[in-house]
Amino acid sequence: HCGGHSYNIQDSGMMKETTNQDHSMILGFLNTLRSHLKSSNSKFDVSSLSISVGSTPSMFSHDNALKIPNIELHPGNYVFYDRQQLWTGACSSEKSIGGFVLSRIIGHYDDEHRNAIMVDAGATALTKESTPQGSMCSVLGRPDLECYRMSQEITMIRCKSEDGVKPFPFQEFPLGSTLLLIPNHSCLAAACFEEYHVVDGGTNSVSTESEVVERWCPVKGW
């Protein structure tokens, strides 16, 4: 059982309540299965089953107060985290996130209508999954910027501003330089790539200068 509905919850008390409801539902299913097997004279031992539950947002709300046997937690997004998990509170800051999309700045638009930069990563690299914070992704370490528009291959980035006219610091983002984008949903973004570049930042924050120490090829297909 995957508690996908937990992705819409930000309150810790409500998250705990939802997790308890999941446990009650699973326990009810086990009891029903046990009764059904008994009525059909089956000798199958329900206690031998491994029970898989969980989602990343609810990961820290499981205490198994109902004593469900052989319970396992399978929080799939936990390996990377993303903007959605920042919102739910599963991770506390960008420093906890481990999956990014490296992009290159390929355009400066300093006219009054756009006042933005263009990077070479779009929907085919990040998908258009939404989050409560808005935007399709964000720039690592730059809460002052917003990724306000995305098409298949590119994303447009500008300064956050109530009136939309705050000057963009183009000198900080020269053409050809790179930046790291935080996906809204890292599971979907990761599925867009055939290879992951693993970096080791040590005690430092991950950056575009981090050394690549390994390359991982994910197993794909169903």
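**Strand S7 and an aromatic cluster**

Ile117 stands opposite Ile157 of strand S7. In this predicted model, Ile117 belongs to strand S4, which spans residues 116–119 and is joined to S7 by 3 bridges in an antiparallel arrangement. Strand S7 itself covers residues 155–159, and 4 of these 5 residues are buried.

Strand S7 is also paired with strand S6, which comprises residues 145–150. The two strands run antiparallel and are connected by 5 bridges. Within this pairing, Leu145 lies opposite Cys159 of S7. A hairpin of 4 residues links S6 to S7. A contact between side chains was also found for Arg158 and Tyr148: the charged end of Arg158 sits over the ring of Tyr148, at 4.0 Å from the ring centre.

Aromatic contacts were searched for across the whole structure, and 4 aromatic pairs were found. One of them involves Phe168 and Phe170, whose ring centres are 5.1 Å apart; the planes meet at 50°, so the pair is tilted. Phe168 also pairs with Phe173, with 5.5 Å from centre to centre and 50° between the planes, and this pair is likewise tilted. Phe168, Phe170 and Phe173 together form one aromatic cluster.

The burial of the cluster residues was examined next. Phe168 has a relative accessible area of 5%, and a residue counts as buried under 20%, so Phe168 is classed as buried. Phe173, with a relative accessible area of 7%, is therefore buried by that cut-off too. Phe170 is buried as well.

Definitions and conventions:
Residues are numbered from 1 along each chain as its sequence is written. This is a predicted model: local features need pLDDT of at least 70, side-chain atom pairs count only at pLDDT 80 or more; totals for chains, interfaces and linings use all residues. Side-chain values use heavy atoms; hydrogens and water are left out. Buried means under 20% relative accessible area, exposed over 50%, partly exposed in between (1.4 Å probe, protein chains only). Two strands pair if DSSP finds at least two bridges between them. Rings of Phe, Tyr and Trp (its six-membered ring) pair if their centres lie within 6.5 Å; planes under 30 degrees apart count as stacked, over 60 as edge-to-face and the rest as tilted. A charge sits over a ring if NZ of Lys or CZ of Arg is within 6 Å of the ring centre and within 35 degrees of the ring normal.
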